Amino acid sequence: MRGQAWRLEARRLVVVACVGALIGFIFGEIGWGLSIGLAIYSSWIVLQVRRVDNWFAGASDDIPEAVGVWGDLLDKIYRLQKRERAAQDDLRATIKRVQESVDALADGVMLVNKHSDLEWCNRAARRLLGIQLGRDIGQPVFNLIRDPRFKTYFDQKEYDEALGLSMPNRPEQLLQLHFTEFGRNDRMIIVRDVTRISKLERMRSDFVANVSHELKTPITVLRGYLEQMVDYYDELPERWHPAISQMNGQALRMNALITDLLTLSRLESEHTPKDQALINMQELIAAVKEDVLLVHEREINIETADIALVGSPTEVRSALTNLMVNAVKYTAEDKPITVKWRPSTDGATMDLQVIDRGEGISPEHLSRLTERFYRVDAGRSSQTGGTGLGLAIVKHIMLRHDGRLIIDSEIGRGSRFTCRFPLFRLRAPESGIDTPMKGLESLNKKVDPSIKSLF
Ligand code: ADP
């Protein structure tokens, strides 16, 4: 079919050329005759091309009349065009369906491009954030959500934890924003209304705080009497000795539990620490080391940089104490423990690290360690006097200091607990609380490269 059309076209060219040449021969000018014949053929081709061009330019669906290879060509283009249109219609229908289903979601979905402009959002996002499609599409997203925390979170590009926000026109509603990066620096933001969940959460934590508070007095009384009994141990009948020492041990444990539960509820209920101060980390680490050495005999090595931290001295001390006591508890007596206060390897943040060469933790437990009462080995933990709340407390303290707790561990090699503090909380030596540092690069050069390895 294809070859036939081309053969026909070639024959037409030969016929036109021959007729031209013949007429030229009759008038004694073969060259002119041939040239005129070919000129007529070329004009005809130009006419066909013009038709095709007009067809492409025009909106008409009708295929123009054409002869020979041109008709064949137009047919093919027409078929291609039809297939293309059908594919486009399919695609449009699929996009519409996806948009309709995303529109029907109870959670809000927003698409933000690399220039931080809102590209599209579904019905729930419009309702939750008060966005109007016609007015707000194409607007910078910071004009629509004006909370400064949103911009800070948006720019930091670390979206492991969701962002909690309330809109100014609905302060009673608590929203949770989950960010995902995709494409070329585009972001998808899922907006969830967590008002009800957070109310339940508040009720739960109030309940735990109240119960712990109510238990505090009875347990203090019991402990007082038990301590007296322990003081008069030798005067009491011998058959009571095991019971008294067990009761005393359990009372101490209960007291530790209640203290930790109250600490956790306090950390959860207040957003920022009240006693913010400039903390000399070298002094704080040395003091915690002294405290730990009072109770346990252990080799504790310290490596510190001369950088101060703005935060709550009591909370940072509590976090470090928890980590160091854990390191002591879960490490054999002859194994050393190392505490480091040093810039992170990228030089952007400061790390407070407690490193041990203990038993280590297998990977499946790592993500759950900071849950309340989560223990790798419940027997071992209660044996060592643990409450199962220590790491949950450390995690909360870090959140309140705009930082995070990172846990690396390897079974049989040891564990490294890193409290990572952001740059804006750090101060150079001898500078005041109001003079933030510009960077840690100069300090980072001095870091021993071996630090980059895990242990
Ligand atoms: P606990 O009071 O039981 O120590 P934590 O919240 O402090 O509770 O720790 C949770 C669990 O994490 C512990 O029960 C223990 O199994 C594990 N863990 C914590 N620190 C270490 C460590 N340095 N080495 C090994 N395991 C640890």
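**Reading helix packing, cores and loops**

Colleague: Which residues in H2 meet residues in H3?

Modeller: Trp44, Ile45, Gln48, Val49, Val52, Trp55 and Phe56 in H2 meet Trp70, Leu74, Ile77, Tyr78 and Gln81 in H3, where contact means heavy atoms within 4.5 Å. Helices (H or I, at least four residues) and strands (E, at least two) are DSSP runs, numbered from the N terminus. This is a predicted model, in which local features need pLDDT of at least 70 and side-chain atom pairs count only at pLDDT 80 or more, while totals for chains, interfaces and linings use all residues. Residues are numbered from 1 along each chain as its sequence is written, and side-chain values use heavy atoms, without hydrogens and water.

Colleague: At what angle do H2 and H3 pack, and how far apart are their axes?

Modeller: Two packed helices are described by the angle between their axes and the distance between the axes. Axes are lines fitted to C-alpha atoms, for helices over the stretch in contact, and angles run from 0 to 180 degrees between N-to-C directions. Helix H2 (residues 30-57) and helix H3 (residues 68-103) have axes 11 Å apart, at an angle of about 15 degrees. H2 is therefore roughly parallel to H3 (under 35 degrees; over 145 is roughly antiparallel, 65 to 115 roughly perpendicular, and the rest oblique). The H2 and H3 crossing is right-handed: the near helix is turned clockwise from the far one by less than a right angle, and anticlockwise would be left-handed.

Colleague: How do H8 and H9 pack?

Modeller: H8 and H9 are at about 150 degrees, with axes 8 Å apart. That makes H8 roughly antiparallel to H9. Their crossing is left-handed. Leu215 lies in helix H8 (residues 195-231). The C-alpha atoms of Leu215 and Met254 are 9.3 Å apart, although their positions lie 39 residues apart along the chain.

Colleague: Is Leu215 buried or exposed?

Modeller: Neither: Leu215 is partly exposed, at 41% relative accessibility. Buried means under 20% relative accessible area, exposed over 50%, and partly exposed in between (1.4 Å probe, protein chains only).

Colleague: How many residues are in the largest nonpolar core?

Modeller: A nonpolar core is a set of buried Ala, Val, Leu, Ile, Met, Phe, Trp, Tyr and Cys residues joined through side-chain atoms within 4.5 Å. The largest has 44 residues, and Leu320, Trp341, Leu352 and Leu426 have the most contacts inside it. Elements giving two or more residues to this core include helix H9 (241-269), helix H11 (313-329) and strand E9 (337-343). H11 gives the most, seven residues. Domain 3 (200-269) and domain 4 (277-452) each supply at least three residues to this core; the bounds come from an automatic or database domain assignment. Apart from this core lies another, of 24 residues, among them Met110 and Leu165.

Colleague: What is Trp341 in contact with?

Modeller: Beyond neighbours within four places in sequence, the contacts of Trp341 include Met281, Ile285, Leu309, Phe421 and Leu426.

Colleague: What is the phi of Ser116?

Modeller: Ser116 is not a glycine, yet has a positive phi of about 70 degrees. Ser116 sits in the loop between strand E1 (108-112) and strand E2 (118-121), and is buried, with a relative accessible area of 13%. Asp402, also a residue other than glycine, has a positive phi near 60 degrees. Asp402 is in the loop between H14 and E11 and is partly exposed, with a relative accessible area of 42%.
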